[in-house]
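Good morning. I will walk through one structure today, starting with a term and then going from strands to the ligand. Please keep the picture open while I talk.

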Amino acid sequence: MNAATNEIAAVHAHLNEVYPMLPFTPVKGSGVWLENAAGRRILDLYGGHAVAALGYGHPRLSEAIARQARDLVFQTNALPLKVRDEAAEALAAFGPPGLGRVFFVNSGAEANENALRLALKITGRPKIVAFEHSFHGRTAAAAAVTWGAQQSWYGFPRTPFDVQFVARGDVAALNAAVDSSTAGVIIEPVQGLAGAFDFSTEFMHAVRAACDRAGALLIIDEVQTGMGRLGEAFGAQLHRVRPDLLTVAKGLGGGFPCGAVLMPHEIARSLKPGALGTTFGGGPVACAAIKTVIDVIHDDGLLAQVREVSALVRAKCIVGPVESVQGRGFLLGLRTRPKAAAVRDALLAKDILAGTSADPHVLRLLPPLILTAEHVQRLSQALEELTDATL
Ligand SMILES: Cc1ncc(COP(=O)(O)O)c(C=O)c1O
């Protein structure tokens, strides 16, 4: 056993072994760098599955979380909180026009679970349309609309509603599937786990039109794409498409666990007390983090930075084992000739962390939004050095 394997074995003693782990144990982070106990630093281009939107140790985020924890670490939705109102106001303003009400939850799956519940309840219809290769989460409803879950890990004896999957980009199949029995359509503007598969603006508009024709609700799942990752606040704004419900999590709290469902006032007004609920959702520390993440994205011009630095990845990183780049902003898929896992391992040996995806030939990059040109240069150089002999 080498030292790296020993490091992992120690961590694993009492954990469920449901996650394959990489041989690096971070103890702290700064900016886009992670560091282990021995002082080895690696460049993090994966951001903890797209969560660390502001990177690590961001002074404003760390201070906001610490201050709120000192002042009032928690209270439920049974008591009003100024910081919760402020976070909701900031998120509604950051989101697409028309979604003025926010319901806070704790995770992406919980956000989708609630959005699906709302679509089914409001329309009284039994079916949800989703897309092949989608990922929407692990809970009963979110996993029911996740492509392939029922064949592999779903585990529940049946799904709680009817689900029809449609091939990506197939407008005729979409129009046939979205009918008078359809409560809602759920779509990720860029499919993350699938390997950064990017839906076109035309297709997003076709989905909106199909929903309008059938009287179904459009749920845009921005759990991974949201909070500036695509170089716009949300994919909805990027494509100028109006969702009826929008879900967000991951980068929302910059690392503090939280999620949200955004909805128009008309939908919110139809909800009676008790229609939705959660203990932790909308807690003060989460809300302080949410407000700060949005403020920093604005103040530091991070949307423009994502667009510029993403363009550099496309310009400089089709080298070595990389054949092409897909996706948008900082949700990018580098299509590799060898297996992406081999490229990921070789990059990690060069102190760069990237991720894989459901596509065995797509290496996924989900870096913090603060990534700069200098970091892209490092990636480009490392990729160039990877030869067939090293993979
Ligand atoms: C698009 C999308 N939706 C939903 C989820 C589920 O989020 P969570 O893991 O926070 O439940 C994920 C997680 O990867 C995701 O990428």
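First, the term. Two strands pair if DSSP finds at least two bridges between them. With that in hand, look at strand β14 and strand β16, the latter covering residues 362-365: these two pair in the antiparallel sense over 4 bridges. To see one of those bridges, find G333, whose bridge partner in β16 is R364. I should also say now that this is a predicted model.

Stay with β14 for a moment. Which strand pairs with β14 over 6 bridges? That is β13, residues 322-328, and the sense is again antiparallel. Here V325 stands opposite L334 of β14. The connection between the strands is a hairpin with 2 residues between β13 and β14. In that turn, G329 has a positive phi of about 50°. As for cover, β14 runs from 331 to 336, and 5 of its 6 residues are buried.

There is another hairpin earlier in the chain. Strand β2, residues 33-36, pairs with strand β3, residues 41-44, in the antiparallel sense over 3 bridges. E35 and R41 of β3 stand opposite each other. This hairpin has 4 residues between its strands, and G39 takes a positive phi near 90°. β3 also has a partner further along: 2 bridges join β3 to β15, residues 352-353, and this pair runs parallel. In that pair, D44 stands opposite L353.

In general, strands of a sheet pair through backbone hydrogen bonds, either parallel or antiparallel.

Now the open sheet. How many strands form it? There are 7, in the order β4-β12-β11-β10-β7-β5-β6, with mixed pairing. At the edges are β4, residues 101-105, and β6, residues 162-166, each pairing on one side only. On average, neighbouring strands in this sheet are turned by 20° against each other, direction ignored.

Go to the β4 end of that order. β4 and β12, where β12 is residues 259-263, are joined by 5 bridges and run antiparallel. One of the pairs is R101 with M263 in β12. Helix α4, residues 82-94, lies across β4, β11 and β12, and runs at about 120° to β4.

One residue in β12 is worth picking out, namely V261. Is V261 buried or exposed? Its relative accessibility is 1%, so V261 counts as buried, since the cut-off for buried is under 20%. Leaving out residues up to four places away in sequence, V261 touches R101, V102, F103, A111, N114, A115, L245, L246 and T247. R101, in that list, is also the residue whose bridge partner is M263. For a sense of distance, take Y56, which is 205 residues from V261 along the chain: their C-alpha atoms are separated by 26 Å.

Next, the ligand. Which residues are around it? They are S107, G108, A109, N112, F135, H136, G137, E188, D221, V223, Q224 and K250. Helix α5, residues 108-123, gives the most to this shell, with 3 residues.

Some of these residues come with distances. A polar backbone atom of A109 is 2.8 Å from an oxygen atom of the ligand. For F135, a polar backbone atom is 3.5 Å from a ligand nitrogen atom. D221 uses its side chain instead: a polar atom there lies 2.8 Å from a nitrogen atom of the ligand. On its own the ligand has 380 Å² of accessible area, and the protein covers 79% of that.

Last, two backbone angles. What is phi of A50? It is near 75°, which is a positive value in a residue other than glycine. A50 is found in helix α2, residues 47-50. With a relative accessibility of 2%, A50 counts as buried.

H133 is the other one, with phi near 75° and, again, a residue other than glycine. H133 lies in the loop between β5, residues 127-131, and α6, residues 140-144. Its relative accessible area is 35%, so H133 is partly exposed.

That is the end of the walk-through. If you want to go over one part again, start from the strand pair we opened with, β14 and β16, with their 4 bridges.

Key:
Residues numbered from 1 in each chain as written. Predicted model: local features only at pLDDT ≥ 70, side-chain atom pairs only at ≥ 80, totals over all residues. Heavy atoms only, no water. Axes fitted to C-alpha atoms, helices over the stretch in contact; angles between N-to-C directions. Contact = heavy atoms within 4.5 Å. Buried < 20%, exposed > 50% of the residue type's maximum accessible area, 1.4 Å probe, protein only. Near = heavy atom within 4 Å. Polar contact = N/O pair within 3.5 Å; in protein donor to acceptor, adjacent residues only side chain to side chain. Areas by Shrake-Rupley, 256 points an atom, 1.4 Å probe, with all protein chains shown as cover.
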